Amino acid sequence: MSLTNTRVKLASRPVGLPQPANFDIETIEVPSLEDGQVLVKISFISLDPAMRGWMNEGRSYIKPIAIGDVFRAGVAGQIAESKSPAFAVGDYVTGSLGVQQYAVVGAGATDPRSPEYLVKVDPSIVPLEAYLATLGMPGMTAYFGLLDTGQPKAGETVVVSGAAGAVGSVVGQIARLKGCRVVGIAGDQEKCDYCVQTLGFDACINYKTDNVRQALRAACPQGIDVYFDNVGGEILDLVLEQIRLKARIVICGAISQYNSTTGVRGPANYLSLLMNRARMEGIVVFDNAANYGTAAREMAGWIKEGKLHSPKIQVEHGVKNFLPALLKLFSGENFGKLVLVP
């Protein structure tokens, strides 16, 4: 009996929040394999804030998703059939295979941005879905963004927004491992409690209920040395008021701006960078692809030693529920790493 594959394709480019009309959901037969190809049965699909940017036309760090293409997404799954010597049936892999149940791909790509780039993973080390979190792109983003770009030093104060998310939760933990004082910013008291009580942050500010300016002053009495920004907007401005001399601002994301219909709001307090001789720099994880293995080995060691917790994994179900699940990222309804089981 032939297999069928349900998948999500981009039908049009959204303005503001994505709507159902921006997507097509179709079911097709899975094609037969050609030499060199493998069939991956997808177990988990990564849902990430960056997906909103990929829907927009224009120059970016990666090509936008073309109209009519399967929606780009990182996945973890298992080889169900193979005509490639590089992979055997039963191997577990990760790759950028899209929002669908199955993917037929070649097995020779070497560029991590390629839709045919596959990496073998071992779910005996961490659960398979963790390869879309701590040992996947969020973890790599946290590792390289903080250590290479933020360059924290023991005794410094590190602030991270989106602190309970897939990236922010790892940033804060690595900063603690490096001997820093760590202050998180999140939008829910349960998330703040999780950051402090489970992840070991020194403090966490609830931006929905706290006066963020005053709370930052209380939590960072010596000022802020490193800010890892996942949200942009007003919170970035409030942090810039309180940075120290030679501070480093790591721009990872700006989720507060992604669905704006009036343009992206830039930092109003950017002159603080001048006064404090500070640096603001963006992080794109693909720039560090050559060193993913080194980072994964070090973080796996920290996990084994109990020094690094994987983020909470929030699981949603069904390819047809892709959009409602994705929108939870922008309403704050997600907690930790959001994945979809197709």
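In this predicted model, Asp237 touches Arg265, Pro267, Ala268 and Asn269, when residues up to four places away in sequence are not counted. Asp237 has its place in helix H6, and because its relative accessible area is 5%, which falls under the 20% limit, Asp237 counts as buried.

The surroundings of Asp237 follow from the helix that holds it. Helix H6, which spans residues 233–240, is mostly covered, with seven of its eight residues buried; besides Asp237, the buried residues are Gly233, Ile235, Leu236, Leu238, Val239 and Leu240. The elements against which these buried residues of H6 pack, both strands and helices, are listed below.

| Element packed against by H6 | Residues |
|---|---|
| Strand S9 | 181–186 |
| Helix H5 | 212–219 |
| Strand S11 | 224–229 |
| Strand S12 | 243–251 |
| Helix H7 | 271–275 |
| Strand S13 | 279–282 |

A second region concerns strand S14, residues 313–317, whose covered face is formed by Gln314 and Glu316, while Ile313, Val315 and His317 make up the uncovered face. In a regular strand the side chains alternate between the two faces of the sheet, and the division of S14 into Gln314 and Glu316 on one face and Ile313, Val315 and His317 on the other can be read alongside that rule. Strand S14 pairs with strand S15, residues 337–341, in the parallel sense over five bridges, and Val315 has Val339 of S15 as its bridge partner. Between the two strands the chain passes through helix H9, residues 322–331, and the resulting β-α-β crossover from S14 to S15 is right-handed.

Definitions and conventions:
Residues numbered from 1 in each chain as written. Predicted model: local features only at pLDDT ≥ 70, side-chain atom pairs only at ≥ 80, totals over all residues. Heavy atoms only, no water. Buried < 20%, exposed > 50% of the residue type's maximum accessible area, 1.4 Å probe, protein only. Helix = DSSP H or I, 4+ residues; strand = E, 2+ residues; numbered from the N terminus. Contact = heavy atoms within 4.5 Å. Pairing = 2+ DSSP bridges. Right-handed = clockwise from strand over helix to strand, strands pointing away.
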